[in-house]
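Work through the following exercises with the sequence and the model side by side. Each task is followed by its solution in steps.

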Amino acid sequence: MLRTTISTKSPETKAEMQIPPDLLASVKRATEILESELGELADKCEMVAKWHFGNWSDSEEVSVAHLSLTANGHLVGNLTFPPGTLKNDETIRRNLHPFLTEVGRHLSGLVKHRLNVLRKQLEEDLEALAALAKE
Amino acid sequence: MSAPKHVKQIEDLTKRVQELEKIVELQKAATELRLKSVEDQLKERSRVEDELRGKVSDLTAKNAALEERSRHQEKTSDRGWTVGQAAIVTLVAALLSFLAQSLSKK
């Protein structure tokens, strides 16, 4: 299952930000879409989606949502939704797809690393077993 | 002495194999995610391409209609100019003839 946190505090000043209700609702919808797009991956490893808000470029009037996704404690991707990209399901998906491709690539890298570690451990175990058999 | 050691080794190996199974499952899910998102992006691109192709086709048809209209207007304009020229020549000829007649009377 995907664990989600939505923070309305500014990451820099830690002050509470005034987030438009429609933007908050869109973020919740984007979380549902993200979970459905991740599919069984969200069950196979511990995934956490952290949302926070910021200003778009230098404009203090336009708030945008930022997403950080971690898998088993490793950061696998950051994504910013520029203004207008949380408008509806289609625009949310369009923005999520390239990000998810990157997430998949990143996870494959993590899996490759874990496989290498495991291969070394297995080799050591097999060597120990062979030594035991000789005794 | 070696029997408990064997048991421990077998337990360790079993754990490793279980971990391996988990990793393979994770890799499978990660690959599926990548494939699905690439597939979705391709679908989106294909939809945009179709949309653009439709627009190009519409614009080509409009362009052809405009060219045809332009050709027609050119022809009409040429014919108008020819008729105008003939009218001027006729008018000048009539004027000259009138002047010639007036001079001969004098």
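**Exercise 1. State how many helices and strands chain B has, and how much of chain B is buried.**

Step 1. In this predicted model, chain B consists of one helix and zero strands as far as secondary structure goes.
Step 2. Chain B has 106 residues, of which 5% count as buried.
Step 3. For confidence, chain B has a mean pLDDT of 88, with 97% of its residues at 70 or more. The complex is given an ipTM of 0.71 and a pTM of 0.70 by the predictor.

**Exercise 2. Describe the secondary structure of chain A and the order of its elements.**

Step 1. Chain A contains three helices and four strands.
Step 2. Along the sequence these elements follow the pattern β-α-α-β-β-β-α.
Step 3. Of the 135 residues in chain A, 21% count as buried.
Step 4. Take the contacts in chain A between residues at least 6 apart in sequence: 51% of them join residues at least 24 apart.

**Exercise 3. Check whether the end-to-end distance of helix α3 of chain A agrees or disagrees with its number of residues, then locate its bend.**

Step 1. Helix α3 of chain A covers residues 89–134, which is 46 residues.
Step 2. At 1.5 Å a residue, the expected span is 68 Å.
Step 3. The C-alpha atoms at the two ends are 64 Å apart, so the distance agrees with the expected span.
Step 4. A bend of about 30° occurs in α3(A) at His97(A), and a proline, Pro98(A), follows within four residues.
Step 5. The buried residues of α3(A) include Ile92(A), Leu96(A), His97(A), Leu100(A), Val103(A) and Leu107(A).
Step 6. An α-helix has 3.6 residues a turn, so residues three or four places apart point the same way.

**Exercise 4. Classify Glu37(A) as buried or exposed, and find what it touches.**

Step 1. Glu37(A) belongs to helix α1 of chain A.
Step 2. There are 20 C-beta neighbours inside 10 Å of Glu37(A), and therefore Glu37(A) counts as buried. The cut-off for buried is 20 or more.
Step 3. Setting aside residues up to four places away in sequence, Glu37(A) touches Leu96(A) and Leu100(A).
Step 4. Glu37(A) and His97(A) are 60 residues apart along the chain, while their C-alpha atoms are separated by 8.7 Å.

**Exercise 5. Do the same for Ser63(A) and Asp89(A): which class does each fall into?**

Step 1. Ser63(A) sits in strand β3 of chain A. Ser63(A) has 18 C-beta neighbours inside 10 Å, so Ser63(A) counts as partly exposed.
Step 2. Apart from neighbours within four places in sequence, the contacts of Ser63(A) are Met17(A), Ile19(A), Pro20(A), Leu23(A), Phe53(A) and Asn55(A).
Step 3. Asp89(A) is in helix α3 of chain A. With 11 C-beta neighbours inside 10 Å, Asp89(A) counts as exposed.
Step 4. Asp89(A) and Ala30(A), 59 residues apart in sequence, are 7.6 Å apart from C-alpha to C-alpha.

**Exercise 6. Say where Lys14(A) and Asn72(A) lie, and what phi each has.**

Step 1. Most residues other than glycine have a negative phi.
Step 2. Lys14(A), in the loop between β1 (2–6) and α1 of chain A, has a positive phi near 65°. Lys14(A) counts as exposed because 8 C-beta neighbours lie inside 10 Å.
Step 3. Asn72(A), in the loop between β3 and β4 of chain A, has a positive phi near 50°. Asn72(A) counts as partly exposed, with 14 C-beta neighbours inside 10 Å.

**Exercise 7. Find where the two chains touch, and which elements supply the largest nonpolar core.**

Step 1. Contacts link 23 residues of chain B with 28 residues of chain A. On the chain B side there are eight nonpolar, seven polar and eight charged residues.
Step 2. The largest nonpolar core has 29 residues, and those touching the most other members are Leu41(A), Met47(A), Val103(A), Ala30(B) and Leu33(B).
Step 3. At least two residues of this core come from each of α1, α2, β2, β3, β4 and α3 of chain A and α1 of chain B. The largest share, seven residues, is supplied by α3(A).
Step 4. Leaving out residues up to four places away in sequence, Leu33(B) touches Leu38(A), Gly39(A), Leu41(A), Leu100(A), Val103(A) and Gly104(A).

Notes. Residues numbered from 1 in each chain as written. Chains lettered and ligands numbered in written order. Predicted model: local features only at pLDDT ≥ 70, side-chain atom pairs only at ≥ 80, totals over all residues. Expected span 1.5 Å × (residues − 1). Bend = angle between axes of the 7 residues up to and from the residue. Buried ≥ 20, exposed ≤ 12 C-beta atoms within 10 Å, placed from the backbone. Contact = placed C-beta atoms within 7 Å. Nonpolar A, V, L, I, M, F, W, Y, C, P; charged D, E, K, R; others polar. Core = buried A, V, L, I, M, F, W, Y, C linked by C-beta atoms within 7 Å. pLDDT = per-residue confidence, 0-100.
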